[in-house]
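Got the structure open in your viewer? Let's walk through it one selection at a time.

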Amino acid sequence: MSQLETAGTPVLPNTELYGRVLEFLHREAELLDTYKFDAWLALFTEDIDYQMPVRTTRFLTDGEGFEDFGLMAENHASLTTRVRRLETEFAWAEVPPSRTRHFISNVIVEQDGDSIEARACFMVTRTRQDLDYQMYTGQRVDRLVPDGDSFKIARRRILADQTVITGTNLSVLF
Amino acid sequence: MTATPTAPSTRLRNGDALEEIVRPQEGLISRRIFTDPEVFELELERIFGKGWFFIGHDSEIPEPGDLVTRPCGIDPVVLIRDDEGVVHAFLNSCRHRGMRIARTDRDNATFLKCPYHGWSYKNNGELLNAACENHYGEGELVKEELGLIPVAQLGSYHGLWFGTWNEHAPPLDEWLGDMRWYMDIIFGRTGGLEIMGPPQIWEVDTAWKFATDNFTDNFHVFSSHHSLVELGMLPNNPDFAAYGHMIVPGNGHILHFVQGEPGNDDYRGLGLSHDLRAKFDEFLTPEQKSIADDHGYSAGTIWPNFHWLQLISAGDMEAHEEAFLNLRMETPITPTRTRMWSWLAVDKDATPEYRKKVYETYVRTFGPSGIFDQDDMENWEDCTRANIGPAARRYTLHHKMGLKRATATDWPGPGVAYPDSYGEMTQRSWYAQWLTSMTGGNGNGRGA
Ligand code: FES
Ligand SMILES: [Fe+2]
């Protein structure tokens, strides 16, 4: 699976567009960490294609190890189901809810016409009940489309660093 | 004088006998066996050192040289198809200093070359070259004796490869016994299955036996997965998964066939599409076909830690229900930490559209992110934490449901069958085999 959707023109950090993308990604992270899941869901286009591939350990000549098989394989309906599930009182993996912190860094923005690719490193920490931290790290590759003076996410690839997920489960959202 | 072989001690260091703290016939299982390091050490030797373990499927290594790296028990192996097409499972460890030989999850290799000092092995395990051979004296390096270490026995059924480190274990066919008849229904129903993609792998802070216990437990579904009832994705009926049978075919293997609520025709033909169901006639006996036709769900366990789940589910609130076949395995790392493996299998003849639906339904509901499976891991972890303390371990867990349940008289398959898929008969048979393995010499005596 190729990481990069488009090879667009770099958008430099001192530009207005870069600033708007960065602010968008930071606000998205804040929505997740403050349990505003419906507002988060509203950031995605109706035809959102959201994938988290399984990563395998491979030699360098065989690529990065991302496979055509997912840890998550979501569309709008299934993301909505995940959010609706969290709103029930019975989603035990998140009831009581995990406390998460989504750290977003190393943001690279490229533009190709109307389409914007935003690549960012993520570190998601999670603690729940009286338990220690769990951590998920990797890179997110998003395709953003204009939506008024903001954006919507039309495609997301969540590229994990781990081949063995050590965070109990993937009940938190990325 | 030759020493008389003695059966392994069944007493733990504090004097408790395993037979006293695990009493399957009474449905009483000590909490202690789930977290005690002493019990865990004995399990590594008497269960993981002696039983048969799933390693991988034929379809994961289709070409000569293809390999995957996996555990057999808990020891790492490389499952590899050699240049002649013969499949081997070798300890993934160099004969020189024990360096890991195959160092990726999957690969294709004619030779396996050790990074440490450069010994290199053919893909049939033979040692081909050792570095600096000219520095070895006469008789110091006998290459014929230094091939990669194979598992003691390797066997396959319906493309599923199993290995054991125990040369005295009964052959795989004999060990699977009556379970093969049921494996035909799941793995042979349409002429063959293949694994889609690599396994999902994740680690859970649980005793491995809680995950195992869960796979033959149908009555947790309504409570554990109640969020799905709320969303309308599961029937609002606590008994909905009770319609069916549980079967004890012997040797600790266990299974369930569930019909689903009466009157719902989705829960027939294992939930497969009609073009696939049409093949039952060709590959199944009339008795096997009648079971496949009449049931929607099946959960099976090959003793001790390999499972299947043939399930029907919707991937989201808007989707139609699809059948999928999930293969699972638990590998213990410590008494209270377990590596989970999960594969998706699909019928070889399934159409691309069907495969896509099956894939999406599976990933959204099962595996580490699955909206069903997530909550199971929460249960296994909390069970583990709450059973570890000195107070808890003095008490037993309750496995009494169906102690007096009469057996089914009209079940067309082998083994002991019980009507009703809610009950702890299968769990008790699993713990009976556990006890037999932990106390019975070669670890492969027959359980109840
Ligand atoms: S450890 Fe493999 S060659 Fe020395
Ligand atoms: Fe479950």
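Start by selecting A:N169: leaving out neighbours within four places in sequence, A:N169 is in contact with A:A93, A:R126 and A:Y136, and also with B:P368, B:Q374 and B:M377. Keep in mind as you go that this is a predicted model. A:N169 sits in the segment after β7 (150–160) of chain A. Is A:N169 buried or exposed? Its relative accessibility is 0%, so A:N169 counts as buried.

**A step back to A:T168**

Now pick A:T168, also found in the segment after β7 of chain A. Check the backbone here: phi is positive, about 65°, although A:T168 is not a glycine. As background, most residues other than glycine have a negative phi, and most peptide bonds are trans. A:T168 counts as buried because its relative accessibility is 4%, and the cut-off for buried is under 20%.

**Another positive phi, in chain B**

Jump to B:H158, in the loop between β11 and β12 (160–164) of chain B. What is the sign of phi at B:H158, which is not a glycine? It is positive, at about 50°. With 31% relative accessibility, B:H158 counts as partly exposed.

**Two cis peptide bonds**

Stay with the backbone and zoom in on the bond from A:V95 to A:P96, which is cis with omega near -5°. A:P96 is in the loop between α3 (76–87) and β4 (99–112) of chain A. Then go over to chain B and select B:W303 and B:P304: the peptide bond from B:W303 to B:P304 is cis, with omega near -5°. You'll find B:P304 in the loop between β16 (297–302) and β17 (306–313) of chain B.

**The iron site**

Next, select the iron ion (ligand 2) and show the side chains around it. Which protein atoms act as its donors? They are NE2 of B:H220, NE2 of B:H225 and two OD atoms of B:D376, lying 2.1 to 2.4 Å from the ion. Try the angle tool on the four donor atoms: the angles run from 56 to 144°, and the site of the iron ion (ligand 2) is irregular. Along the sequence, the donor residues follow the spacing H-x4-H-x150-D. Colour B:H225 and B:D376 and you'll see a pair that links distant parts of the chain, 151 residues apart. B:H225 is in the loop between α6 (221–224) and α7 (226–230) of chain B, while B:D376 belongs to helix α12 (residues 373–386) of chain B. Both B:H225 and B:D376 are buried.

**Along helix α13 of chain B**

Select residues 425–439 of chain B, which make up helix α13, and pick out B:Q427 within it. B:Q427 counts as buried, at 1% relative accessibility. Setting aside neighbours within four places in sequence, its contacts are B:D213, B:T216, B:D217 and B:H399.

Now add helix α2 (residues 37–48) of chain B: the axes of α2(B) and α13(B) come within 9 Å and cross at roughly 80°. That crossing makes α2(B) roughly perpendicular to α13(B). To see who does the touching, show B:V39, B:L42, B:E43, B:R46 and B:I47 on α2(B), then B:W434, B:S437 and B:M438 on α13(B). Sorted by class, this contact has five nonpolar, one polar and two charged residues.

**A helix tucked inside**

Move on to helix α4 (residues 179–187) of chain B. Seven of its nine residues are buried, so α4(B) is largely enclosed by the rest of the structure. Highlight the buried ones: B:M179, B:Y182, B:M183, B:D184, B:I185, B:I186 and B:F187.

**Last stop: the loop between β10 and β11**

Finish in chain B with B:A130, in the loop between β10 and β11. B:A130 is buried, with a relative accessible area of 7%. Draw a distance from its C-alpha to that of B:W119: they are separated by 4.2 Å, and the two residues are eleven apart along the chain. Not counting residues up to four places away in sequence, B:A130 touches B:W119 and B:L141.

B:V142 lies in the loop between β10 (127–129) and β11 (153–157) of chain B. Here the relative accessible area is 30%, so B:V142 is partly exposed. For a final distance, go C-alpha to C-alpha from B:V142 to B:A169: they are 27 residues apart in sequence and 29 Å apart in space.

Conventions
Residues numbered from 1 in each chain as written. Chains lettered and ligands numbered in written order. Predicted model: local features only at pLDDT ≥ 70, side-chain atom pairs only at ≥ 80, totals over all residues. Heavy atoms only, no water. Helix = DSSP H or I, 4+ residues; strand = E, 2+ residues; numbered from the N terminus. Buried < 20%, exposed > 50% of the residue type's maximum accessible area, 1.4 Å probe, protein only. Contact = heavy atoms within 4.5 Å. Donors = N, O, S within 2.8 Å, 3.2 Å for Na, K, Ca; no water. Tetrahedral: all angles 85-135°; square planar, octahedral: opposite > 155°, others 65-115°. Axes fitted to C-alpha atoms, helices over the stretch in contact; angles between N-to-C directions. Parallel < 35°, antiparallel > 145°, perpendicular 65-115°, else oblique. Nonpolar A, V, L, I, M, F, W, Y, C, P; charged D, E, K, R; others polar.
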